[in-house]
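Work through the exercises below with the sequence and the structure at hand. Each task is followed by a stepwise solution.

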Amino acid sequence: MEKEQLKKIILAVAEEIATHEQELTQLDQATGDGDFGSNIKRGVLAIADAADEIAGLPFPAAMQKMGMLLVTTVGGSSGPLYGSLLMAMGKAAGKAPENAAELAKVFAAGIESVKARGKADVGQKTMLDVLVPVLETLEQGGGDLLARIRQTADEALEKTKSMRATKGRAASLGDRSIGHWDPGARASQLAVKKICDVLEGRA
Ligand code: ADP
Ligand code: MG
C-alpha cells in the first residue's frame with residue numbers, strides 16, 4: 001500500500017467515526033453504558049494526529065502503532081479489542097498486502113486475535129458480527145469485490161439488531177439490548193465502507 005493511500009484511509013475513517021460520535025454514543029446508551037462514541041473518537045483522532053508518522057512506517061509497524069494508540073487512548077472493551085485487531089494484523093503481515101487474498105490472510109489473523117482476547121464469536125452482538133462476514137466476502141474474492149464488501153457490511157450490521165448481547169457492558173442489559181445495532185458493529189461497518197471508498201478512489 002502506498003504511503004499516501006494509508007494516510008487517506010486514516011483521515012477518512014477518523015472523520016467518519018468522529019462525524020458519527022453522537023450516534024455511536026446513543027447506540028451504546030441503548031445497549032451498554034454510553035461511553036463508546038467519545039472513546040472511539042478519541043482513538044481515531046489520536047491516529048489521525050500521527051497520520052504522517054504512521055504512513056511513513058512499513059505496513060507491519062504502521063498497524064502495530066495504530067493498534068497501540070487504540071489500546072492506550074480508547075479504553076472500554078473496544079480499545080483493547082480494536083487494538084488487538086490492528087496489532088495482530090501488523091504481526092501477521094510480513095509486508096503490505098498486495099491483493100485481496102493477501103489482505104484476507106492478514107485480516108483473518110487480526111480477527112482471531114479479537115476472538116481470543118474477547119472470548120467471543122459471531123452471533124453475540126459485537127464487532128465480530130460485521131468483521132467476520134466482511135472477512136468471508138474478502139476471502140471469496142472475485143468481481144465487484146468492494147461493492148460486495150460494502151453490501152456484506154450493511155447486511156451484517158442490520159443482523160445485529162435482533163441479536164442479544166452477551167459480551168461487554170451490554171451483556172448486563174439482557175433482552176433490552178435487542179432492537180438496536182451493536183455500536184462496535186456500526187463503527188466497524190462505517191470504517192470498512194470508508195476504506196472501500198478510499199480504495200475505489202471515491203474519498
Ligand atoms: P464496554 O462494553 O466495556 O462499555 P465499549 O463501549 O468500549 O465497551 O465497546 C462496546 C463494543 O465493544 C460493543 O459494541 C461490541 O461491539 C464490542 N465488544 C464488547 N465486548 C466484546 C467482546 N468480548 N468481543 C468482541 N467485541 C466486543
Ligand atoms: Mg460501552
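The exercises cover the surroundings of the ligand and then the salt bridges.

The model is predicted, so local features need pLDDT of at least 70 and side-chain atom pairs count only at pLDDT 80 or more, while totals for chains, interfaces and linings use all residues. Residues are numbered from 1 along each chain as its sequence is written, chains are lettered from A and ligands numbered from 1 in written order, and side-chain values use heavy atoms, without hydrogens and water.

**Exercise 1.** Find which residues come nearest to ligand 1, and sort its shell by residue class.

Step 1. Take as near any residue with a heavy atom within 4 Å of the ligand. Ligand 1 has 19 residues around it, and Asp-35, Ser-77, Ser-78, Arg-169 and Asp-182 come nearest.

Step 2. Count Ala, Val, Leu, Ile, Met, Phe, Trp, Tyr, Cys and Pro as nonpolar, Asp, Glu, Lys and Arg as charged, and the others, Gly among them, as polar. The shell then holds six nonpolar, seven polar and six charged residues.

**Exercise 2.** List polar contacts of ligand 1 (N or O atom pairs within 3.5 Å).

Step 1. Through side-chain N or O atoms, Ser-77 is 2.6 Å from a ligand oxygen and Asp-182 is 2.5 Å from one.

Step 2. Arg-169 uses a backbone N or O atom, 2.8 Å from an oxygen of ligand 1.

**Exercise 3.** How many salt bridges are there, and which parts of the chain does the one between Asp-52 and Lys-7 link?

Step 1. Require a side-chain nitrogen of Lys or Arg within 4 Å of a carboxyl oxygen of Asp or Glu. The count is 16 salt bridges.

Step 2. In the pair Asp-52 and Lys-7, the closest N and O atoms are 2.9 Å apart. Asp-52 belongs to helix 4 (residues 51-55) and Lys-7 to helix 1 (residues 3-19), 45 residues apart; helices are DSSP runs (H or I) of at least four residues, numbered from the N terminus.

How values were computed: A polar contact is a pair of N or O atoms within 3.5 Å; within protein, one must be able to donate a hydrogen and the other to accept it, and residues adjacent in sequence count only if both atoms are side-chain atoms. Helices (H or I, at least four residues) and strands (E, at least two) are DSSP runs, numbered from the N terminus.
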